[in-house]
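Q: I am new to this structure and should like to learn how its features are read. Could the general idea be given each time, followed by the case at hand?

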Amino acid sequence: MGVRGLQGFVGSTCPHICTVVNFKELAEQHRNKYPGCTPTIVVDAMCCLRYWYTPQSWICGGQWREYFSALQDFVKTFTAVGIKLIFFFDGMVEQDKRDEWVKRRLKNNREISRIFHYIKSRKEQPGRNMFFIPSGLAIFTRFALKTLGQETLCSLQEADYEVASYGLQNNCLGILGEDTDYLIYDTCPYFSISELCLESLDTVMLCREKLCESLDISLADLPLLACLLGNDIIPEGMFESFRYKCLSSYTSVKENFDKKGNIILAVADHISKVLRLHQGEKKLEDMLPLGPNKALFYKGVASYLLPGQKSPWFFQKPKGLITLDKEVGSISSDPESKQEVPMCTDPESKQGVPVCTDPESKQGIPMCTDPESKQEVPVCTDPESRQGVPVCMDPESKQRIPVSTDLDSKPGVPVCVDPDSKEGFPLCTHPESKQGVPVYTHPESKQGDPMCTHAEINQKSPLGADPEFKLEAGVCTNPEIKKEDLVTMEPEVKLQVTMVSDPEILKVARAHHVQAESYLVYNIMSSGEIECSNTLEDALDQALPSQAFVYRPVRQRVYSLLLGGGQDGASPCPAVKEWFVYSGNPLRHPDLVRPLQMNVPGGTPNLKLLWLNQDPGLQVRRVDALLGCFDLSSSREELQAVEDPWKALCCLLIYLFVQVDTLCLEDLHAFIAQALCLQGKSTVQLVDLQLDYIDPRAVQLGSLLVRGLTTLILVNSACGFPWRTSDFMPWNVFDGKLFHQKYLQSEKGYTVEALVEQNRSRLTKFHALKAVVCKACVKENRRIVSRQHWRSPQPGRWGRQGSGSHRTSSGYSRAGHGPHWRDQGPVLLKQGNPNDLTGQSLKLLQRCPGLKPVPPRGTGPWWRHQSLEVVEIDSMSLTIGEDTHPPPGPSSEFLTVVVWDGPASIRQQACGRVRGGSG
């Protein structure tokens with residue numbers, strides 16, 4: 001993360017840049033300097049996850065009770081000394097940083113492969129040097145912090161920019177994180193989370209002024225240095241030859257410094273002694289070997305400029321610059337289109353403001369500057385009319401609010417708020433907060449207290465602050481600008497097209513996103529592109545499908561709910577781009593995933609009904625929509641009878657066991673027993689829990705369930721929050737070590753009484769929850785059987801995604817949308833009466849027409865048999881004899897046998913398991 005080589009350089013070459021400071025003392029100094037203002041630290045939460053996750057066990061799916069307790073201690077420590085914390089999370093991956101994101105995910109895949117190799121060989125958790133954060137940690141941390149009453153925000157772009165911007169504009173005490181980009185931004189002080197001692201509140205402050213002094217450059221030169229060294233936007237190898245050329249001409253090479261340290265010194269020396277001589281006379285592309293990377297380089301430098309800041313390296317009007325109010329600025333560009341992206345300039349401040357770029361169209365969208373606030377305002381353009389969309393201004397709060405103008409009606413409709421300032425108006429807030437438009441929201445969200453800032457810095461309004469705004473203001477552009485001004489770029493400028501056109505719904509989705517109350521909903525509706533990082537899955541064990549495909553049908557139905565069918569359902573829903581990590585996916589391109597039609601009683605409700613209508617009777621519709629996303633409408637009565645907090649868990653277990661045929665009765669017992677026993681365990685008891693050994697299958701099952709809980713967050717927020725989010729927070733329903741213990745016990749044949757630790761109350765609940773899951777699964781033609789009936793602990797394996805053998809691979813559901821997994825197994829054809837099959841030897845003749853081919857896996861002994869013996873048949877269901885091996889494929893229970901009595905056109909079908917014959 002951050003600037004290549006800079007972290008090591010600071011630690012080894014320039015240690016004086018790092019100063020030990022104490023947060024308690026800094027807070028007191030801040031209060032003395034700004035009386036009445038609360039010292040505030042902006043926390044880059046994504047950088048802190050490893051620091052916060054202190055539990056010793058991490059391999060089993062996460063020690064969530066321990067983790068929640070660690071977060072609570074962290075917050076209490078800062079609160080005790082009067083310091084307020086503002087937490088920022090990454091809300092999306094910017095297109096410019098996608099390649100770096102992919103690179104890290106592929107690296108993580110290799111790390112996970114080594115982890116499973118270690119587990120299989122040693123049956124224990126690897127050391128901390130191989131530590132991998134539990135799945136869903138970032139997502140659940142948001143909700144944990146909100147539960148602890150902390151102000152938690154989710155970014156609309158890369159979080160580091162919003163963190164740096166927030167810290168600067170709100171006069172914050174500093175930024176807490178672990179990213180050298182914060183040494184480059186010209187913002188408030190930067191503190192290291194890795195060096196933080198929570199007991200004393202001592203840490204290290206990295207001083208950018210001292211860095212500049214050591215390198216003999218100015219603060220304004222740091223973005224240029226960062227891009228020449230390489231960062232998340234500029235690949236490290238892009239200027240490798242240039243850096244070595246600087247090193248060869250550098251006369252002050254320090255023999256006691258490492259090579260990377262000398263390179264940084266040499267590049268800085270080149271900036272100060274060579275480039276600066278021609279500053280204001282030559283363009284950067286005339287002084288640096290930018291070549292075809294000029295556009296990307298300008299974009300990289302501009303990415304460090306916070307609102308109101310400018311770079312001395314951007315001084316001329318490059319070709320293709322849009323001029324607003326006849327002033328010029330500088331440029332940034334898109335690496336693929338090689339088109340320069342203009343920066344407009346405020347006539348009074350003369351400050352360059354970058355023009356945002358649509359990642360799809362690669363075309364710039366001009367942004368102008370408000371002459372009073374010195375903050376940029378996006379000038380949106382309608383993709384059809386190519387006309388600017390007005391931005392309105394509240395004369396009292398000075399807040400700019402973009403509005404969408406209907407072509408038929410004159411009044412503007414508010415769309416969203418400024419993504420940099422986080423300024424907004426009341427949207428879907430907590431019912432008890434008495435703020436905002438009456439829209440349905442997360443029932444547990446809490447509004448953060450306003451932050452006190454320096455008197456000279458404008459107060460940032462919390463979301464839901466001002467219910468009124470004016471629509472009189474016009475477009476903040478020069479009316480004399482003509483279309484020909486864009487001739488060197490593109491003939492027309494297009495607005496980034498969102499997947500949903502309704503501004504009111506987008507506004508609500510955006511508000512939930514910024515306040516970290518939802519998950520992926522706004523990403524789907526705005527850009528139609530989502531991602532999911534690595535999960536602890538064994539790439540070599542194909543008995544369990546990847547979580548990316550297990551939950552894909554759920555996501556597809558969510559897409560259908562959020563995106564609809566176009567205008568009035570006349571056009572099909574567009575595909576969503578999924579960047580999901582799974583075995584065999586090189587991540588060169590996203591998976592294009594089509595929405596899947598929902599099966600909801602009364603039809604699929606629209607979002608305005610689910611989100612904006614507070615009629616108590618609509619809660620039933622929200623629940624129906626949620627169950628429809630899981631395709632479990634038929635199980636509504638069973639789930640309705642389950643008390644909280646077990647309803648959400650049962651829903652997830654039913655879905656899992658219907659979807660994944662390799663899950664067995666022992667797995668179900670372990671999932672339910674750990675959830676029940678967790679309620680009676682203290683954090684200390686969970687810490688002291690010891691495991692006999694680590695089972696790789698249990699590791700993957702733990703991660704699979706946790707990813708299911710994150711999927712529940714997505715569905716619940718998409719459907720208008722019909723269920724309490726706390727009911728599927730992992731610290732309430734799942735503990736990795738406890739699940740692993742119950743899994744091992746269940747595998748050893750422990751009784752149910754032993755699994756629930758001889759607790760009669762738990763035993764009653766256990767049987768009740770098990771009955772609900774099993775009954776619902778039977779409705780879906782899924783019988784959950786014990787693994788003890790299997791002859792081998794390793795069932796036949798099926799190919800992963802891409803082979804077309806998984807039910808979820810095509811996104812089909814069982815409800816009339818395609819074949820079920822177990823229906824895609826081997827098919828035996830035999831003429832005769834079904835009741836006469838017992839004891840017969842059936843030849844494996846052919847596959848059933850229309851079913852996807854199943855690749856045989858030569859490692860399984862079952863496939864070596866060329867004939868199969870039907871052990872027993874009861875009516876139309878084949879019943880298995882004792883100790884039989886399951887058929888190959890994901891099905892552990894059924895094999896399809898097609899038989900007929902008479903003409904071949906009159907066929908009957910019987911399902912069951914068989915055992916291998918000898919011939």
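Q: Which residues does Arg-65 touch, not counting residues up to four places away in sequence?
A: A contact means heavy atoms within 4.5 Å. By that rule, and leaving out residues up to four places away in sequence, Arg-65 touches Leu-678, Gln-679, Lys-681, Thr-683, Leu-686 and Trp-731. Arg-65 itself is found in helix H4, residues 64–80. Helices (H or I, at least four residues) and strands (E, at least two) are DSSP runs, numbered from the N terminus. The model is predicted: local features need pLDDT of at least 70, side-chain atom pairs count only at pLDDT 80 or more, and totals for chains, interfaces and linings use all residues. Residues are numbered from 1 along each chain as its sequence is written, and side-chain values use heavy atoms, with hydrogens and water left out.

Q: What is the nearest side chain of opposite charge to Arg-65?
A: Two terms are needed here. Lys and Arg count as positive and Asp and Glu as negative, while His and the chain ends are not counted. A salt bridge is a side-chain nitrogen of Lys or Arg within 4 Å of a carboxyl oxygen of Asp or Glu. For Arg-65 the nearest side chain of opposite charge is Asp-735, 7.3 Å away, and Arg-65 has no salt bridge although it is buried. Buried means under 20% relative accessible area, exposed over 50%, and partly exposed in between (1.4 Å probe, protein chains only). The side chain of Arg-65 does reach the backbone oxygen of Lys-681, at 2.9 Å.

Q: How many salt bridges does a search of the whole structure find?
A: The search finds 31 salt bridges. In one of them, Glu-100 pairs with Arg-4, with the closest N and O atoms 3.1 Å apart. Glu-100 lies in helix H5 (residues 98–122) and Arg-4 in the segment before helix H1 (6–12), so this pair ties together parts that are 96 residues apart in sequence. Arg-4 also forms a salt bridge with Asp-232, where the closest N and O atoms are 3.6 Å apart. That pair links distant parts of the chain, 228 residues apart, with Asp-232 in the loop between helix H10 (222–229) and helix H11 (240–249). Arg-4, Glu-100, Arg-104 and Asp-232 are linked in a network of salt bridges.

Q: Are Glu-100 and Asp-232 buried or exposed?
A: Glu-100 has a relative accessible area of 14%, so it is buried. Asp-232 is buried as well, at 9%, and Arg-4 counts as buried at 16%.

Q: Where do Asp-269 and Lys-273 lie?
A: Both lie in helix H12 (residues 259–273), 4 residues apart, which is about one turn of the helix. Their side chains meet in a salt bridge at 3.1 Å, N to O. Asp-269 counts as buried because its relative accessibility is 18%, whereas Lys-273, at 47%, is partly exposed.

Q: How many residues of H7 are buried?
A: A helix may be read by how much of it is covered. H7 is mostly covered, with 10 of its 11 residues buried. These buried residues pack against strands S2 (40–44), S3 (84–89), S4 (151–154) and S5 (174–177), and against helix H8 (181–184). Asp-160 lies in H7, which spans residues 159–169, and is buried because its relative accessible area is 5%. Beyond four places in sequence, Asp-160 touches Asp-44, Lys-97, Asp-179, Asp-181, Tyr-182 and Tyr-185.

Q: Which residues other than glycine have a positive phi?
A: Most residues other than glycine have a negative phi, and most peptide bonds are trans. Asn-171, in the loop between H7 and S5, has a positive phi of about 55°. Phe-721 has a positive phi of about 60° and sits in the loop between helix H25 (696–718) and helix H26 (730–733). In addition, a cis peptide bond joins Asp-644 and Pro-645, with omega about 5°.

Q: How many residues are in the largest nonpolar core?
A: In soluble globular proteins, nonpolar side chains tend to be buried together. A nonpolar core is a set of buried Ala, Val, Leu, Ile, Met, Phe, Trp, Tyr and Cys residues joined through side-chain atoms within 4.5 Å. The largest has 215 residues, and those with the most contacts inside it are Phe-78 and Trp-611. A second, separate core of 6 residues includes Val-93, Trp-579, Val-581 and Leu-587.

Note on methods
Polar contact = N/O pair within 3.5 Å; in protein donor to acceptor, adjacent residues only side chain to side chain.
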